[in-house]
Amino acid sequence: MKRSDDDIDTLLRDWDRVASTATPPAADARRSVRATSALPMSLVVFAAVAIAVVAITGRGGPGGDAGESRSVAGFRVHPSDPGGGMDAIVAGVVETDPAAGCVWLSDSDGARYPLVWPAGTGAHADPLEIELADGQVVRSGDRVEGGGGYVDAASATRGLGLEPFPPACVQAGEAAVFNSSSQITVTAGVGLVLAETLVDRFSPPQPIGLELVAVNADARSVAIVDFVTGTVHRYEPGQYVAPADVLDGASGGGGFIHVWANGSIYSYPGRLDSEPLVYQPDPLRQTPGIASTLEVLPAPDGEHTWLIQPGDDDTLIELVSLVEVRVSRLMSTAIEGSWQPVGSTVEGIVLVTDGPEPLTRLVGTNGAIQAEVQGAALSVGWNGAAIVHPDGSLTVTDALLGNPIRIDKPGEGEWVAVGGPVVPATSPPARTGTDRFLVALTTDDPSGSFFSGGDLIVVDATGAAAPIYELSAGSHLASWSRGEDWVVVVEDASVTLISVDDGSPTPLGVLVPDSHWVLTAG
Amino acid sequence: VRRGGVRFAAAVRDWGVVIAVSASVKAEERYATAYEALWSDVFRFALSWTNDWAAAEDLAQEAFARLWREGDRVDWADSVLPWLIVTTRRLAQDRFRRLRRQLTIGGDERPTTLGEAVTDRWLDLRDAMAVLLPLERAALVMTAVDGRTYEEAAELMGTTAGALRAAASRARRKLEDAR
């Protein structure tokens with residue numbers, strides 16, 4: 001038997017009654033809270049004397065101001081330089097928590113290790129900076145690499161006669177220890193203050209496999225927001241093999257970052273500063289003086305890429321393989337009419353026409369048209385698509401656009417897409433989940449090019465639809481994390497992560513420079 | 001050293017440093033006022049989020065401890081309740097992460113600070129509310145129990161009214177079906 005509304009109200013009234021019996025631990029507990037922070041005046045006097053002694057004896061790290069070094073509670077440095085050490089490479093991105101005084105090395109899996117720095121390293125608080133013995137300054141977000149190893153955190157400090165790390169700084173049980181005389185290679189981050197963005201604002205249960213790619217097309221500058229390492233890096237021409245022309249688009253996910261310009265595609269394996277594959281569609285459709293119509297969409301497996309060139313009369317489609325960082329052409333075909341790609345399923349590429357009677361078509365990996373249905377695909381996942389029909393209804397299909405299931409609206413409004421770049425361009429849409437789709441309900445005119453606000457809805461293959469976030473008017477982009485446990489929303493340049501478990505949003509603020517536009521997430 | 005009218009002195013102990021705060025009377029008073037006025041709100045939110053009486057007490061205390069430690073960085077011009085609620089939520093999420101890592105599933109112990117007369121009723125309520133996710137419980141408690149509008153609750157929690165409305169709606173459906 002179901003509970004009635006009255007039953008639920010009674011339950012909640014009881015909850016209220018019981019919760020109201022709680023009383024604050026009042027004076028005792030409050031005093032105990034203060035006791036952990038406020039020190040008796042005798043200790044303050046001792047402190048002042050101790051500071052003076054340190055200042056006079058100069059026992060701080062040679063690389064930095066002694067008093068300031070020690071104001072960073074989690075900063076540890078080799079007390080002396082006996083030489084030698086461990087044989088491993090210690091490398092990662094420096095993250096900090098200024099409030100807790102923690103300085104971590106964040107590895108590529110997102111695990112954070114408190115650090116023991118080489119002898120002679122100093123630290124400055126506010127803003128938190130590390131000064132190496134050779135004068136290099138390390139800031140949050142910078143990448144460091146040197147000789148050393150990873151050891152149990154307690155043993156690391158005990159063995160060197162150092163104060164243990166504050167418990168809040170020990171997250172993985174181990175510490176990263178540079179050798180006492182190790183030279184450190186520092187690669188600067190983009191200068192965005194990561195310590196005040198990802199570290200303070202976002203600590204997911206697990207690292208999020210997701211990247212945002214933002215570009216300044218004219219300057220050919222690309223910013224990558226990497227949620228695994230919690231870093232934002234900006235690459236200027238000269239720091240990566242950049243196309244010579246204004247960037248036309250970018251897409252990511254599946255291990256490659258693709259940037260294209262004037263018909264040429266640059267596919268970077270993993271990092272943008274790696275050597276890219278440079279290639280063009282064959283044939284390349286290009287009218288002199290007119291920008292290429294090329295669109296590049298990664299396939300779900302991350303090893304194949306679709307190249308699409310819409311034209312007035314037909315659309316050229318090519319499928320290439322990037323296996324072993326080598327291009328091999330698998331299929332080339334032309335289909336009648338002008339079609340825009342929306343996404344790719346495991347069965348092929350999904351395209352739409354934007355005529356008065358929109359159609360959605362699937363072109364298979366063999367070049368054949370596998371399916372065509374009425375309506376426009378709003379969101380494409382690996383195992384299906386969400387398609388809005390001329391009567392306004394929404395269905396989800398399988399990867400071959402078959403077996404449609406009707407979706408009931410969870411609220412008022414018209415179905416619209418939320419994927420796509422935050423600029424009104426024809427770049428590829430954001431990647432969506434494998435069997436769940438991100439769409440929106442807007443209560444304003446859905447035919448306008450400007451999204452006027454509404455609910456972000458997760459639609460799944462069973463027909464369920466649940467609002468998870470209220471999108472504001474303006475630019476928008478949404479995409480799944482690779483684990484499908486988070487959704488990232490970009491409104492203007494502000495980034496918000498939404499937990500799919502409980503719907504709670506984590507606003508991260510503006511993570512990319514004003515001059516850059518977020519184009520894709522994957 | 002003077003910063004914002006609050007005097008700081010530093011105490012050194014080996015490689016660690018403790019910041020000793022000689023707080024002004026004003027800071028002490030505003031903290032005490034906030035503690036008296038808002039502890040219950042923070043506890044109720046923590047209880048709704050965790051569904052665990054002892055954890056909620058711990059979280060409320062920890063949130064106020066942070067308010068005390070970081071008081072000079074908090075904007076006291078407006079209510080500090082949103083700051084406390086968001087801090088509590090983050091602390092709760094940290095706590096869940098730790099619990100998950102340790103593979104300890106608690107919740108069976110009887111609250112030691114709760115009167116015997118209401119303990120059994122609380123355990124029943126806890127079981128009934130256990131079908132809900134933290135956000136769903138919090139949405140329901142902050143609106144249906146505490147009488148806030150969705151907009152007010154959303155502002156407190158740093159979320160959107162739409163997310164809370166959806167969560168409260170899901171919560172009611174789940175409670176209906178869970179009997």
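In this predicted model, E318(A) touches P281(A), D282(A), T305(A), W306(A), L307(A), R329(A), M331(A) and S332(A), leaving aside residues up to four places away in sequence. The residue sits in strand β20 of chain A, which covers residues 314-321. Its relative accessibility is just 3%, so E318(A) counts as buried, the cut-off being under 20%. One of the residues it touches, R329(A), also meets it through a polar contact: the two side chains come to 2.4 Å.

Chain A as a whole is a strand-rich affair, with 38 strands and 6 helices. Of its 522 residues, 53% are buried. When contacts between residues at least 6 apart in sequence are taken, 54% of those in chain A join residues at least 24 apart. The chain exposes about 21,400 Å², and carbon and sulfur atoms supply 51% of that area.

Further along chain A, strand β35 (residues 486-491) is mostly covered, with 6 of its 6 residues buried. Its side chains split into two sets: W486(A), V488(A) and V490(A) point one way, while V487(A), V489(A) and E491(A) point the other way. Both sets are buried, and E491(A) is among them. Strand β35(A) has partners in β34(A) and β36(A). With β34(A), residues 477-480, the pairing is antiparallel and rests on 4 bridges; here W480(A) has V487(A) of β35(A) as its bridge partner. With β36(A), residues 494-499, the pairing is again antiparallel, this time over 6 bridges, and E491(A) stands opposite S494(A). The link between β35(A) and β36(A) is a hairpin with 2 residues between the strands. In that turn, D492(A) takes a positive phi of about 55 degrees.

Chain B reads quite plainly along its sequence, as β-β-β-α-α-α-α-α-α-α, which comes to 7 helices and 3 strands. Of its 179 residues, 50% count as buried. Among its contacts between residues at least 6 apart in sequence, 59% join residues at least 24 apart. Its exposed area is about 8,700 Å², with 51% of it supplied by carbon and sulfur atoms.

Helix α2 of chain B takes in residues 53-69, 17 in number. From first C-alpha to last the helix reaches 24 Å, close to the 24 Å expected at 1.5 Å a residue. At its N-terminal end D52(B) acts as a cap, with a side-chain oxygen 3.2 Å from the backbone nitrogen of A54(B). Helix α2(B) is largely enclosed by the rest of the structure, because 12 of its 17 residues are buried. The buried set consists of W53(B), A55(B), A56(B), E57(B), L59(B), A60(B), Q61(B), A63(B), F64(B), A65(B), L67(B) and W68(B).

One of these buried residues, F64(B), turns up again in the largest nonpolar core, which has 57 residues. Along with W122(B) and M157(B), F64(B) is among those with the most contacts inside this core. Elements from both chains give two or more residues to the core: α1 (5-20) of chain A, together with α1 (25-50), α2, α3 (81-102), α4 (116-129), α5 (134-145), α6 (150-157) and α7 (161-177) of chain B. The biggest share comes from α1(B), which gives 11 residues.

Notes:
Residues are numbered from 1 along each chain as its sequence is written. Chains are lettered from A and ligands numbered from 1 in the order in which they are written. This is a predicted model: local features need pLDDT of at least 70, side-chain atom pairs count only at pLDDT 80 or more; totals for chains, interfaces and linings use all residues. Side-chain values use heavy atoms; hydrogens and water are left out. Buried means under 20% relative accessible area, exposed over 50%, partly exposed in between (1.4 Å probe, protein chains only). Two strands pair if DSSP finds at least two bridges between them. Contact means heavy atoms within 4.5 Å. Accessible areas come from the Shrake-Rupley method with a 1.4 Å probe; for residues, only the protein chains shown count as cover. The expected span of a helix is 1.5 Å times one less than its number of residues. A polar contact is a pair of N or O atoms within 3.5 Å; within protein, one must be able to donate a hydrogen and the other to accept it, and residues adjacent in sequence count only if both atoms are side-chain atoms. A nonpolar core is a set of buried Ala, Val, Leu, Ile, Met, Phe, Trp, Tyr and Cys residues joined through side-chain atoms within 4.5 Å.
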